[in-house]
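Trainee: Could you walk me through one part of this model up close? I'd like to look at the ligand site.

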Amino acid sequence: MSWLLGNADQIVQITLVHAWYSALPIVIGFVIAIPIGWLANRYRVGRGTILAVVGLLYAVPSLPLFVALPSLLGTRILDPANVIVALTIYAIAIMVRTASDAFASVEIDVLLSATAVGFSTWRRFWSVELPLAGPVLLSGIRVVSVSTISLLSVGSVIGVTSLGYFFLDGFQRAFALEIIVGIVGTIVIAVISDLLLSLAGRLLMPWNARPPSRRAVRRAEARTLVEAA
Amino acid sequence: MIEFRSVTKRFPDGTVAVRDFSLVIPSRRITVLVGSSGSGKTTILRMINRMVDPTSGTIEIDGDDIAGIEPVGLRRGIGYVMQNAGLLPHRRVADNIATVPVLRGVRRKDARARALELMDTVGLDRSLAERYPSQLSGGQQQRVGVARGLAVDPNILLMDEPFGAVDPLVRAELQRELLRLQRDLDKTVVFVTHDIDEALLLGDQIVIFTTGGIVAQAGTPQEILAAPADEFVARFVGADRGKRALHVREQNGRPVVVDSEGRAAGVLVPDDAGLGARAGDGSPADGSAPGGRPEPARDGGAR
Ligand SMILES: Nc1ncnc2c1ncn2[C@@H]1O[C@H](COP(=O)(O)OP(=O)(O)O)[C@@H](O)[C@H]1O
Ligand SMILES: [Mg+2]
């Protein structure tokens, strides 16, 4: 307990750093994956190739990647940018496939009718395709979020600040409480991030949060029949 | 007036959906394209707003070749209603109706105010304005689709099997409403259906297709029923059977019209009684005989 109190400042500070370092790959990966996923869905021919290449990225083991990136990027060994770039690559690897599925999930009739009433391609993307791909995109970014937050701990092995530090340090000192702090902290960040994402989803996609109740639909149908009779 | 001149559409995969098609679609009338599935109706309809461009031939609207008109702008000036309404599921009813005016730069607030008026026009309760399409019945969604099609007060309204997915009772109601609307609004309507009853009910001019966008016959409902061009058309319109094969029987010295099953369908009255024009209506029990509607312009008829 006294260890907790004595190190509270450091625990909070490292937790915040962990949250920040994982937020960057989640957001950047999402933004990069969307146009790639859109293209993969739009151009069926390229789809297989794009998804295969992106899928291979995910197969690169994380530790060698962390270690190799400094020489590839010209960064210093301990630069957190290495880990952030590596995690962004994983985020893209997961997110591109989901984004492609998300755009494929948009009903073709809705797209056709949007075109028919005069949406330009650009406008249709922003006001029809992207919002309607939203629910599947959201499920994808939630997976990315959890995986990024937990993978970031591995960065501590190469000396980048993250909650993984407590984990490693606790192991070396055979100090269970410190290990638990590392684990619980990671879980807390993951849960809060997931809650924030689903809250954002509900605010941004109100049509989705309220699927029509069976009763409402039946009542509406009954009313039309009565009107028609 | 919309004019097709020797229009052919061959898709990249080699399918010839429309072959050497020519037709004059007169203004302010309902022209119905009818034929079985795959006969090229949708392709023809989509060529009018350049969703599909012809492989050869030209299409003119009021004398202008539409190949020279920028597609997005062209589409914003033409109403389009499709099966399952094609509404934007993430927009509320009022916003769906306001879609095209907003695309054309009308302020959202003004467009929504106008959307409420259009809801009255198509017989939708204004209380539905804030619902999402999934919270409406099929018939209500279809009305929203029609309201959206009318939102920019277009001269031309394209309707692709708009009532195909609703149950028969609601369909009959929507058909009557369309005829009522058309009496007030006088649009140039191009209506696609595979239902010959619907075609005969709604069409001032009917174009019957075999496959591949080949016209089997074009004309008014009366012309087609009176003189089917061939065996195919006769069978398609059912002129030889059921409720459309009517004949006269004497009953106590008075003529009664009966169908092929011998069921009484009505009586014959003199032509000046006001019912004359739509002898081919086929639904004498339906109280909406559109007796007041003008005949299609003779010179604008099908080729
Ligand atoms: N984009 C397309 N690519 C290839 N073939 C198509 C395409 N659209 C329609 N077709 C084909 O063209 C023919 C006519 O289709 P369509 O115009 O949709 O007929 P209808 O509306 O009468 O059912 C069909 O054989 C259909 O498969
Ligand atoms: Mg069709």
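Mentor:

**Around ligand 1**

Let's start with G40(B): one of its backbone N or O atoms sits 3.0 Å from an oxygen atom of ligand 1. Before going on, this is a predicted model, where local features need pLDDT of at least 70 and side-chain atom pairs count only at pLDDT 80 or more, while totals for chains, interfaces and linings use all residues. Residues are numbered from 1 along each chain as its sequence is written, chains are lettered from A and ligands numbered from 1 in the order in which they are written, and side-chain values use heavy atoms, with hydrogens and water left out.

S39(B) also puts a polar backbone atom 3.1 Å from an oxygen atom of ligand 1. K41(B) uses its side chain instead, with a polar atom there lying 2.8 Å from a ligand oxygen. On its own, ligand 1 exposes 560 Å², and the protein buries 62% of that (accessible areas by the Shrake-Rupley method with a 1.4 Å probe).

Now the wider shell, meaning residues with a heavy atom within 4 Å of the ligand. Besides those three, the residues around ligand 1 include F11(B), D13(B), T15(B), A17(B) and S36(B). Helix 1 of chain B (residues 41-48) gives the largest share of the shell, three residues; helices here are DSSP runs of H or I, at least four residues, numbered from the N terminus. By class, the shell has two nonpolar, eight polar and two charged residues, where Asp, Glu, Lys and Arg count as charged, Ala, Val, Leu, Ile, Met, Phe, Trp, Tyr, Cys and Pro as nonpolar, and the others, Gly among them, as polar.

Methods: Polar contact = N/O pair within 3.5 Å; in protein donor to acceptor, adjacent residues only side chain to side chain. Helix = DSSP H or I, 4+ residues; strand = E, 2+ residues; numbered from the N terminus.
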